[in-house]
Every structure is written in C-alpha cells, then in structure tokens.
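Visitor: I would like a close look at a single part of this model, the open sheet, with enough of its surroundings to place it. Please take me through it with care.

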Number of protein chains: 2
Amino acid sequence: MERDNKVSITVIRRLPKYYRYLSDLLNKGINRISSQELSNMTGFTASQIRQDLNNFGGFGQQGYGYNVEELKNQLGKILGLDKIYKAVIAGAGNLGQAIANYRGFQDAGFEVLSLFDKNPKLIGIKIRDIEIRDIEEMESFIKENGVDIGIITVPKSSAQEIADIYVRSGIKGIWNFAPADIKVPDDVIVENVHLNESLFALSYFMNNKNDYIRRD
Amino acid sequence: MERDNKVSITVIRRLPKYYRYLSDLLNKGINRISSQELSNMTGFTASQIRQDLNNFGGFGQQGYGYNVEELKNQLGKILGLDKIYKAVIAGAGNLGQAIANYRGFQDAGFEVLSLFDKNPKLIGIKIRDIEIRDIEEMESFIKENGVDIGIITVPKSSAQEIADIYVRSGIKGIWNFAPADIKVPDDVIVENVHLNESLFALSYFMNNKNDYIRRD
DNA sequence: TGCATATTTTTATTATTATTACCCATAATA
DNA sequence: TATTATGGGTAATAATAATAAAAATATGCA
C-alpha cells in the first residue's frame, strides 16, 4: 500500500482513538456515522477527522458519512491489526504480569507467548497459561518462535541490556515501559510508555490550570 | 507565578523528559550542561530546548549553559514536583498493584494511601504496607484524608462510575488507565494512559516504516 | 418517478502553531 | 586580551489545523 505523501505522527496517534470509538459504535449496532458525530464523541474537530482519514483514502460517502464497520476495518488494516503478533515480556513483576493478564491485547491480535525473569521464585509460575521462563532462555526462545514484539518491564538499570537481547534475537518492535530511552538500530521500532512523564504532566496541569492551552 | 503567554501542551509534554535527563546528570555528578549536549541526549534540537525553557524564564547563562541542579529544581517547581500528593488507586488488580508497588512515584512525591477493590478476596491484603480496602469505603476515605489524585485501574465498564466517585469526593486530578474517555467537570484534570493506543501505534510503525515522518 | 433541498465528504485555501535558524551579548577559557 | 562557547531573543520556515468552496449522495415530497 504505497502512498506518496507521508503521514505525520500526530495524525497516526489519533488513528487508534478513532479505531476505539468505531469499535464501540459497532458493538452498539450503529453502522453509520458522520464526521460531525465522531467529532462530538472524540473532541477532535469534524474537519480534522475528515482530513486525517483522507490521508489514507476516501473512506466516506458524500451525503451519507462513513460506514462504521468498513471504516473500522480499514483503520485496522492501516494500523496492522489484521495480523497476529507474537510477543514476549521481559520482567515478570507486577507490571509484566498485568500486561500478560490483560485480555484486550490478545483480542487485538497481540499474543504473549512467554514472560521472562531472572528471579528463580517466579520461574515456572504461569500467568493465565503463560509461563514465566528463565531470562537466560529468552534469546533462543525468541529465535525459535519467531517473536515479533519484545516488551520491557524490567527496572531502568537493565532496560538497555534487555533491548540488546531483543535486537540480537531479530525482534523489530519494542514496547518499553522502563523510564529510560533505549538505543536500538534504525530498523527497530521503539514505542515508549513513560508513566513518570505522564504523571508529571498531570501534576503540571493540576498546578497550572490556566497557564496552558487546553485542547481536548 | 503568573505568565502572560500560555504554554502549549507539546512543550509541557517535553518538560518531564528534560527533568528525567537532568536527574540522571545530577546523579552522575555533572553540574553544567549546554543545550547542545541536552540535544544530543534527548534528540530534540538545541534551539527547541532553549525555546521550551525560555517559556518559563531564562534559566541559562550565555557562554556557560545551564546549571544542572538549578534547572532541575526549576523544572520540578514548574511541574509541581516540589509538593507531596496523596493518591488512591481504584482497582487492585495487577495494574493497580504494579503502580502501588513502584517506588519511583513515591520518590517523586506521589504517595499512594490506599487501594480499593470490590473483590472480597483482595480486601485486607497489603501491598508494601498499602492496604486494599472495600470500594464502598472509598468516598469517605478520600474526604477524610484529603486525597489529591485518583488513579483508575478498573475495567472499562466501571471507569466512569469510579470517576464519578472521585469527582464527588472532591478529587481534582485523575490518572486514568481504563481504555475509555471519562467525563468530568472542567476543573478536574484527567490524564489518560491508553495502553491500547500506544500498542496500536507501535503496530502501525512496524508495518509502515517509511510512510510516516519520523521525528526522534 | 423526478426534482429540490439537506447532508456530508472531498479538495483547495487560509490561518495558526510549532520548529528551526540566525544574530548578538555575555561568559569561559587559554 | 583574544578566541570560543553558549543562551536569549527574534525572524524565517515548516508543519498542522481550520475554514471555505465544490462535488456527490441521500432524502422527502409532489
């Protein structure tokens, strides 16, 4: 699916939100939606929504709006949610277990094959049928099973080390929860979830209610 | 600390990252840093860093750079990290426990006073001295203890219900992990952590390596 | 069925916002 | 004291979003 004009990251970051609302609509049995209605739901302007979607093709119909199911499927395809991803989690602490436990990711096509930890007390335990294995076995496990995504839920101090193992094993996507910026080759994608930064932003907004430009 | 010109959210979202790097530098005993060096570390341009910081005052010195400790303290004050916040967590599942367990938040001044859940099997258990209480007691607990921040780690279906309790109890800041957009009055700040959206974005980037404008 | 009118997307244009580049004053350094 | 480093401020550029105009479809009614 080649496109001439590259899409900006700000647009891409909105797509999952559209996708979520479309899923909700579909569950409610609604099969037709206008950009104006989507605007009311999401808080983005109707024109922005139309422009965002038009980056990827004309999914709408003048005078009609968008077909919910079709648009959801199209966005799913754009986001790559029509595929199955194999993932592993490095770090079987609370956060790693929380992710392993959450059914939502599996439903979206992200299957956690195994957790890994160095703590002998955790090794062998199963989280909802997902076994915790020795971190020493991780590299060979990834290679043998063709894992796509590596999740990092270890402490900051060993995050880079884990990232290096992932890269060595051929993983091309890393979901990083450690509060550190890890270094990887250009062809490996890192998506960070920096909870600290989110919490600090909340703190700022609470303390400076009128000193920033609000945009819902 | 009144300022004429409001600051954009994109700037504010970068501040916690600067703060993190400055903390790292301070821990390494480095007490002087230039915008160029910060640029090399963070990936933002030096010019952007200077402009971001200048929104809040001239913390640097021409010909010298920035004093790490002073800049860190100033950013901390701007972010509101010079205060102590009392927080509670609604939802004592894996994610709630993960947050309660993470020392980093406490070190930054965010103290979790209690977890709440409706599951009788969890009530009474302690996570690192933090007790899990019956969700029925949450409202009175918040009022009695003057809680500042409410964290939501319950399933999507009860997220709004919890938010309503928080609002009724007088909480002014909500950290929401449920994959839903909750509705609150204007004076209540909601900071969302939508893990689904982050994961979907990762999926997009993995599938469309050259179709978006990369900006580290 | 056919026409007039309401909707609603698409495309083009304009306005706003964000980022980068540049110059100058100041401080460090040798 | 000369040279280099560096941030602050301002101007220029680029990116993003909003607006307006245009085209296509649906809907209601005679």
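**The open sheet and its setting**

Guide: The mean position of the 27 positive charges of chain A lies 5 Å from that of the 28 negative charges, where Lys and Arg count as positive, Asp and Glu as negative, and His and the chain ends are not counted, each charge being placed at NZ of Lys, CZ of Arg, CG of Asp or CD of Glu. This is a predicted model, in which local features need pLDDT of at least 70 and side-chain atom pairs count only at pLDDT 80 or more, while totals for chains, interfaces and linings use all residues. Residues are numbered from 1 along each chain as its sequence is written, chains are lettered from A and ligands numbered from 1 in the order in which they are written, and side-chain values use heavy atoms, leaving out hydrogens and water.

Chain A holds 9 helices and 9 strands, these being DSSP runs numbered from the N terminus (helices H or I, at least four residues; strands E, at least two). Its C-alpha atoms fill a box of roughly 60 × 45 × 35 Å along the principal axes.

A turn of 180 degrees with a shift of 0.0 Å along the axis lays chain A on chain B with an RMSD of 0.0 Å, by least squares on the C-alpha atoms of residues with pLDDT of at least 70 in both. The two copies are thus related as by a two-fold rotation axis.

The sheet itself is described here in chain B, where 7 strands follow the order β5-β6-β4-β3-β7-β8-β9 in an open sheet with mixed pairing; two strands pair if DSSP finds at least two bridges between them. Its edge strands are β5 (126–127) and β9 (189–192) of chain B, each of which pairs on one side only. Within the sheet, strand β3 (residues 85–90) and strand β4 (residues 110–117) of chain B run parallel and are joined by 6 bridges, and B:A90 stands opposite B:F116 in β4(B).

Turning to chain A, A:E136 is found in the loop between β6 (130–134) and α7 (138–145). A:E136 is exposed, with a relative accessible area of 68%, on a scale where buried means under 20%, exposed over 50% and partly exposed in between (1.4 Å probe, protein chains only). By contrast, 6 of the 8 residues of helix α5 (residues 94–101) of chain A are buried, so this helix is largely enclosed by the rest of the structure; among them are A:L95 and A:I99.
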